[in-house]
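Subject: Structure handover

Hello,

Here is the structure we discussed. My notes follow below it.

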Amino acid sequence: MKPLLELQGVSSGYGRIRVLDKVTLDVKAGEIVALIGANGAGKSTLLNTVMGMIALWAGDVRFDGRSIARVSTAAIVGAGIAQVPERRQLFGTMTVEENLRLGAYTRNDRAGVAASLEEQFGQFPILGERRTQSAQTLSGGEQQMLAIARAMMSRPRLMLLDEPSLGLAPLMVARIFQQITSLRDAGGTILVVEQNARAALDIADRGYVLENGKITAEGEAAALLDNAVVQDAYLGGSGGSVRGMEQRIRARRREIMASMERRS
Amino acid sequence: MRGLAARKTTLALIAFLVLVGGYPLLFRNSYEIGVGITAGALAIGAVGFVLLLGYAHQLAAGQPAFCMIGGYTSGILCVKFGWDPMATLLLGALLSMAIAYPIAAPMLKLRGFVLVMGSLAFQLILVVVAFELPFTGGAMGTYGIPRFAIFGFTLQSDVAFYFVVWAFVLATIAIGLNIDRSRIGRALKAIAISEMTAGSVGMNTVKHKVQMFVVSAGMASVSGSLFVHFLRAVDPTVFGFVFSLNLVIAVIIGGLMSIWGGAVGAAIVTALREGLRGLSLPMWETVIMGALTAVVLIAFQRGFAGWISDRFDRLTGARGGKPPSVTEPQPTALPRLADAPQAGTPLLDVSSAKRSFGSLRAVDDVSFTVEAGSITALIGPNGAGKTTLLHLVGGYQPLDSGTIKFAGKPIELLLPNRIAELGIGRTFQNLQLFDNMTVLENVMCGRYRLQTSGILAISAKLPRVRRDENDVRRVARDCLKFVGLQGAENLMANELSFGHMRLVEIARALALQPTLLLMDEPASGLNDTETERLAELIAQIAALGITVLLVEHDMRVVMGLADKVVVMHHGKKIADGPPDRIRAEPAVVAAYLGTEAYETAA
């Protein structure tokens with residue numbers, strides 16, 4: 001199948017600092033693709049480069065077969081890519097509904113927009129209940145839902161999600177990832193960037209690992225979850241269960257306290 | 001960066017001396033020397049304006065009013081009472097500052113455009129006063145002002161006066177630079193980014209703005225006095241619209257955040273005005289000046305001086321290029337807290353705390369204690385009120401009712417900066433770094449509460465101020481070593497990756513030498529490997545004797561680190577106790593952990 005989004009040898013960065021180094025990846029229609037990597041690896045930079053917010057230094061970005069490397073952000077959104085930025089970036093003083101309507105800014109069909117609005121309230125009932133509340137009064141999880149729903153308002157063919165689990169409680173993380181899965185099941189295509197590598201790979205079809213601006217591993221999500229190198233670097237080691245890391249942290253704290261007592 | 005800044009200052013000083021010294025050699029006639037004098041007088045006002053506009057971020061347009069006070073004080077005392085011009089200049093400056101001080105606080109309560117109008121109104125009042133008072137000379141003004149003299153020594157030549165004026169410029173710049181590189185300069189830059197964050201390290205957000213208002217009033221006054229001694233007359237129109245415009249344009253062209261920029265801008269504006277006057281097209285003069293200002297605003301956002309500074313950085317490769325080399329954290333870089341409270345005694349005691357927003361009870365009758373030397377974690381679903389509770393402890397929001405005691409003393413009525421002064425540090429959920437400063441300067445900001453130098457000592461850069469700054473720099477470096485960011489000192493804070501920014505924030509909080517550290521979701525946005533490293537760092541912080549109150553969602557961190565866990569739900573405390581008991585508490589599992597989410601992950 002032809003990929004919906006293709007990056008071929010993409011390099012970019014800020015000022016003189018090169019962040020992405022010849023990155024090649026693709027996202028096929030109907031897939032969830034997870035991009036994982038350490039802080040500073042260039043994950044958000046990659047999304048911003050796709051959106052045309054950072055100039056491409058080399059390589060090509062193709063969407064649906066056409067190059068969007070030299071296209072403005074507004075035109076890229078118009079072509080059908082929507083980004084849900086890190087930290088959500090909602091319009092805090094505007095209501096839930098106003099935020100959603102702004103997501104449809106590029107659309108001109110009033111009836112269609114109204115229909116999309118109801119669709120989102122169907123998908124996220126809590127947003128319907130809070131329709132007239134200002135966005136800043138929502139809890140973290142609700143804000144994340146609003147950010148996703150706002151992106152959906154432009155009826156994107158591809159959604160870029162930047163750290164959807166950031167700052168969310170465990171229960172809410174599970175719920176957001178469920179929502180992402182149901183978006184895919186409804187025919188959506190999603191590229192998700194996550195620190196929470198396990199949660200992202202759990203719902204993804206495929207994944208890429210970005211390290212210092214380079215892709216260092218790729219493959220089926222399940223295979224990446226089993227990959228020892230990936231486990232070591234991003235999943236808290238091979239015994240990377242919740243309890244495993246917790247026990248290591250506890251043991252370390254005891255050691256530190258003991259050595260401090262010896263010192264003093 | 002200190003080396004770089006010092007090198008830049010030296011180069012700027014050499015350029016200044018060459019230009020100021022060379023000008024009268026090249027331009028010898030009395031008109032040209034006069035132009036040099038007016039440029040210098042304008043420069044003094046402009047440097048003061050930079051302190052007010054660029055550093056204190058106060059769009060107060062009242063500068064010319066203080067030029068008027070200085071000008072009239074000099075003029076009247078010299079002409080009517082035969083005072084010595086230098087004495088009148090100093091007296092005028094004192095008078096201006098004495099007037100500025102009481103009006104500063106109410107004036108600076110106004111913001112943005114309203115402040116512009118308020119300060120213009122002040123100026124308007126003074127113009128009317130100058131017209132109407134019996135001893136100002138009304139519309140005719142006061143004339144016959146003598147040549148400038150310094151305590152009896154009259155400057156007979158214009159060239160001598162020129163050098164005296166530019167010596168004043170140099171002194172003004174020195175004061176500006178001393179303020180820039182001090183705790184006050186850092187505080188002003190911090191306040192410009194976020195008053196809340198500045199408060200979290202103990203910075204007083206009002207005091208320093210008032211100080212800048214007063215200092216800039218003094219500088220404006222000196223500028224005004226020198227002007228009237230050059231003109232040998234003063235009337236209400238001297239410091240009118242055109243003068244105000246020149247001052248604003250000088251500051252914009254020079255660079256809002258550059259002390260040197262004030263002088264550079266004043267020189268450029270004066271040269272342009274005189275050059276354009278030569279074309280004898282009076283109307284075009286203002287048009288061209290306006291167009292030029294617009295061009296500078298768009299093309300050189302940091303003004304001319306900023307542009308030169310950037311060029312210098314680029315030529316010498318001083319900045320950018322390489323990401324920081326992260327070092328291993330050095331837990332021995334910081335000493336144990338000397339006056340740590342007895343472990344196990346309650347250090348923080350929150351009792352029946354309540355806070356509502358409209359009908360939403362964000363914090364509803366919550367009581368708990370944090371024992372000295374412990375790590376206490378505060379958990380709960382999003383919207384449970386954890387951050388609000390942390391805000392209440394930090395003084396960012398008032399309590400509706402209840403008490404909060406720190407080391408036995410009630411703190412619920414204190415403002416954030418007072419709470420920071422007591423030794424409560426904090427890090428924020430959304431990173432709050434000062435993007436306009438380097439990493440090292442950010443951490444130095446944390447030291448603010450332990451520095452005591454006042455505005456006078458700083459302006460004069462007394463030896464003790466210098467020593468104090470060196471100490472603070474050393475401690476800040478130790479804090480960066482402690483968190484493992486030794487290589488990043490000279491980068492701008494916004495050049496770091498997210499995870500490193502978080503470490504800078506922690507280092508800044510440590511520089512405050514806190515007894516209690518409040519951390520709001522320190523692991524959010526970190527991957528597992530980074531999270532584990534962060535947990536180790538928090539354990540090291542606790543080992544210093546610093547008590548930690550942590551809001552965190554990552555249960556591996558919470559359960560692994562905490563001695564005690566407090567659980568909130570819908571604003572209420574639903575449980576507290578040691579991690580193992582909390583884990584088994586059914587109410588906690590239902591509200592927060594989620595049977596499925598937690599166990600499948602486990």
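Axes here are lines fitted to C-alpha atoms, for helices over the stretch in contact, and angles run from 0 to 180 degrees between N-to-C directions. This is a predicted model, in which local features need pLDDT of at least 70, side-chain atom pairs count only at pLDDT 80 or more, and totals for chains, interfaces and linings use all residues. Residues are numbered from 1 along each chain as its sequence is written, while chains are lettered from A and ligands numbered from 1 in the order in which they are written.

Helix pairs in chain B

Start with helix α2 (residues 30–55) of chain B and helix α6 (residues 158–180) of chain B: their axes come within 9 Å and cross at roughly 15 degrees. That makes α2(B) roughly parallel to α6(B) (under 35 degrees; over 145 is roughly antiparallel, 65 to 115 roughly perpendicular, the rest oblique). The crossing is left-handed (the near helix is turned anticlockwise from the far one by less than a right angle; clockwise is right-handed). The residues of this contact divide into 17 nonpolar, six polar and one charged. Nonpolar covers Ala, Val, Leu, Ile, Met, Phe, Trp, Tyr, Cys and Pro; charged covers Asp, Glu, Lys and Arg; the others, Gly among them, are polar. Among those in α2(B) are B:Gly36, B:Gly40 and B:Ile44; α6(B) brings residues including B:Trp166 and B:Phe168. Contact means C-beta atoms, placed from the backbone, within 7 Å.

α2(B) also meets helix α10 (residues 241–254) of chain B, with axes within 9 Å and a crossing of roughly 70 degrees. That makes α2(B) roughly perpendicular to α10(B). This crossing is right-handed. B:Phe49 and B:Val50 are among the α2(B) residues involved, and B:Leu247 is one of those from α10(B). Here the split is eight nonpolar, three polar and no charged.

Chain B overall

Chain B has 24 helices and 14 strands (DSSP runs, numbered from the N terminus: H or I of at least four residues, E of at least two). Its C-alpha atoms fill a box of roughly 90 × 50 × 45 Å along the principal axes.

Where the chains touch

The contact takes 40 residues from chain B and 40 residues from chain A. On the chain B side, α20(B) gives the most, with nine residues. By class, that side has 17 nonpolar, 16 polar and seven charged residues.

Confidence in chain A

Chain A averages a pLDDT (the predictor's confidence in each residue, from 0 to 100) of 87, and 95% of the residues score at least 70.

Best wishes

Methods
Two residues are in contact if their C-beta atoms, placed from the backbone, lie within 7 Å.
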